[in-house]
Amino acid sequence: MRKKVAFYTLGCKLNFSETSTIARGFVNEGFDRVDFSESADMYVINTCSVTDNADKKFKTVVKQAQKGNPHAFIAAVGCYAQLKPEELAAVNGVDLVLGATEKFKIRDYINDLSKNDFGEVHSCEIEDADFYVGSYAIGDRTRAFLKVQDGCDYKCTYCTIPLARGISRSDALENVLKNAAEISEQGIKEIVLTGVNIGDYGKGEFGNKKHEHTFLDLIKALDAVAGIHRLRISSIEPNLLKNETIDFVAQSNSFVPHFHIPLQSGSDALLKLMKRRYMTALYTERVARIRAVMPSCCIGVDVIVGFPGETEEHFLETYHYLNELAISYLHVFTYSERDNTEAAEMGGAVPKQVRNKRSKMLRGLSVKKRRAFYESQIGETLSVLFEGENKEGYIHGFTENYVKVRAPWNPELINTIHKITLTGIADDGLVTMDFSTVLNAEIKA
């Protein structure tokens with residue numbers, strides 16, 4: 001009997017790309033991959049530790065696995081597994097915990113999948129996480145997540161990622177191009193570039209800080225790969241998003257007009273406390289440059305509320321800055337204390353209820369910003385890539401500039417790109433469209 005294995009991913013696109021690669025390794029060795037909601041012989045949970053909620057969610061996911069099969073072997077891998085291995089190993093039902101370097105060798109640590117009396121831990125010192133393992137997610141969704149970089153050399157005072165993933169290091173350019181070509185050959189029409197700090201692309205392994213190639217070199221090379229319809233940059237630091245990159249994306253063949261640029265605070269005083277590598281003036285310049293060469297570009301922003309020392313004045317400074325800025329949506333993170341970070345030792349803790357109130361205000365601003373961006377696109381003719389899920393009788397998709405649209409369910413549209421005209425905004429906030437006159441204008445692979 002072939003063994004069944006199921007996977008659950010917490011956190012970011014990078015985690016999804018690594019889960020998919022780990023899963024392919026199991027399938028290649030004779031396992032059948034099944035959905036996490038099904039009964040399996042082994043469950044693998046790829047963990048995240050960016051927020052307190054991701055930590056708490058882990059126990060819930062373990063219980064879900066036990067419900068699927070109380071006798072299944074349960075393994076935890078990833079960032080939280082690197083930072084708090086003993087804590088995860090102590091969770092009832094967990095048999096194996098693998099840290100940053102061990103997760104890609106998971107099959108070396110399993111035998112007959114019999115349960116352990118105690119969770120077995122294998123995690124390295126984070127200084128040993130200095131080699132690169134490439135990965136990409138394919139077959140899980142319409143878009144593919146392609147990992148191009150890992151780790152981070154920045155010292156942001158709130159962040160545990162350098163402790164969980166190690167130093168900044170990159171995939172070789174030829175390997176990225178090979179992976180991109182493999183994804184394209186599978187009929188996937190959109191690739192999202194992902195990593196921890198992808199603008200830092202080019203640093204080698206083993207602490208070699210010389211850049212063999214730059215991020216601009218990377219996107220120029222990818223733009224020339226045949227068969228890729230869309231390339232999307234997931235998230236890039238404002239100080240690493242150079243004008244040359246913005247200008248190249250504006251005229252490229254495959255890169256779409258969409259940037260996600262972490263801000264974290266609209267207060268320069270807090271940016272200094274966070275040890276970010278820019279001030280708001282640079283961020284404003286980046287947004288202005290994008291708008292100048294790509295007026296319809298979608299610009300997403302990460303922002304943290306409730307950072308230690310954030311006064312009401314600091315928060316309102318952030319709110320008003322974002323309100324005036326020509327952006328399209330926000331990802332709002334409520335600050336949570338993380339062990340072994342500078343911020344956790346700072347004074348001026350913001351009460352939880354105040355953090356939640358500020359988070360709610362910024363989420364409301366995000367709704368307003370997204371609505372305004374969508375309204376600005378009504379009447380435009382764009383291309384939409386349709387997803388594969390039937391949600392209450394509708395099929396959804398995203399335009400190149402990340403407007404989410406809906407149309408009546410039609411399975412023939414899955415993973416196809418069509419030219420459409422945006423016609424209005426539905427009650428659920430999604431954009432309606434008309435493509436009846438160009439229904440046969442699918443962009444073929």
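How many bridges join strand β7 to β8, and do the strands run parallel or antiparallel? In this predicted model, two bridges connect β7 (residues 136-137) with β8, and the strands are antiparallel. A137 of β7 has F145 as its bridge partner in β8.

Strand β8 (residues 143-147) also pairs with β11 (residues 190-194). Five bridges link these two strands, which run parallel. Here F145 lies opposite V192 of β11. F145 is thus named in both pairings: with A137 and with V192.

Strand β8 is mostly covered, with five of its five residues buried. In a regular strand, side chains alternate between the two faces of the sheet. In β8, R143, F145 and K147 point one way. A144 and L146 point the other way. All of these residues are buried.

K147 also belongs to the lining of the largest cavity. The structure holds one cavity of 30 Å³ or more. The volume of the largest cavity is about 70 Å³. Besides K147, its lining includes A100, T101, K103 and F104. F131, Y132 and V133 contribute as well, together with D150, R165 and R169. By class, five lining residues are nonpolar, one is polar and five are charged.

Helix α8 (residues 243-251) has four named buried positions: T245, I246, F248 and V249. These residues lie on the same side of α8, because they cover an arc of only 165 degrees around the axis. The buried residues of α8 pack against two helices, α7 (215-223) and α10 (280-293). They also pack against strands β12 (230-233) and β13 (258-264).

C297 sits in the loop between α10 and β14 (298-305). Is this residue buried or exposed? C297 counts as buried because its relative accessible area is 0%, below the 20% cut-off. Leaving aside residues up to four places away in sequence, C297 touches P257, H258 and F259. Its other contacts are I290, R291, S328 and F373. S328 is 31 residues from C297 in sequence. In space, the C-alpha atoms of C297 and S328 are 8.6 Å apart.

A further pairing involves β17 (residues 394-399) and β18 (residues 404-408). Five bridges join these antiparallel strands. H396 stands opposite R406 of β18. The two strands form a hairpin, with four residues between them. In the turn, Y402 has a positive phi of about 65 degrees.

Key:
Residues are numbered from 1 along each chain as its sequence is written. This is a predicted model: local features need pLDDT of at least 70, side-chain atom pairs count only at pLDDT 80 or more; totals for chains, interfaces and linings use all residues. Side-chain values use heavy atoms; hydrogens and water are left out. Buried means under 20% relative accessible area, exposed over 50%, partly exposed in between (1.4 Å probe, protein chains only). The arc is that of the directions from the helix axis to the C-beta atoms. Contact means heavy atoms within 4.5 Å. Two strands pair if DSSP finds at least two bridges between them. On a 1 Å grid over the protein atoms alone, a cavity is a set of points where a 1.4 Å probe fits but cannot get out, and a pocket is an open set with protein on both sides within 12 Å along at least five of seven lines; lining residues have an atom within 4 Å of a point. Grid points are joined across faces, edges and corners, and a volume is the space filled by probe spheres set on the points. Ala, Val, Leu, Ile, Met, Phe, Trp, Tyr, Cys and Pro count as nonpolar, Asp, Glu, Lys and Arg as charged, and the others, Gly among them, as polar.
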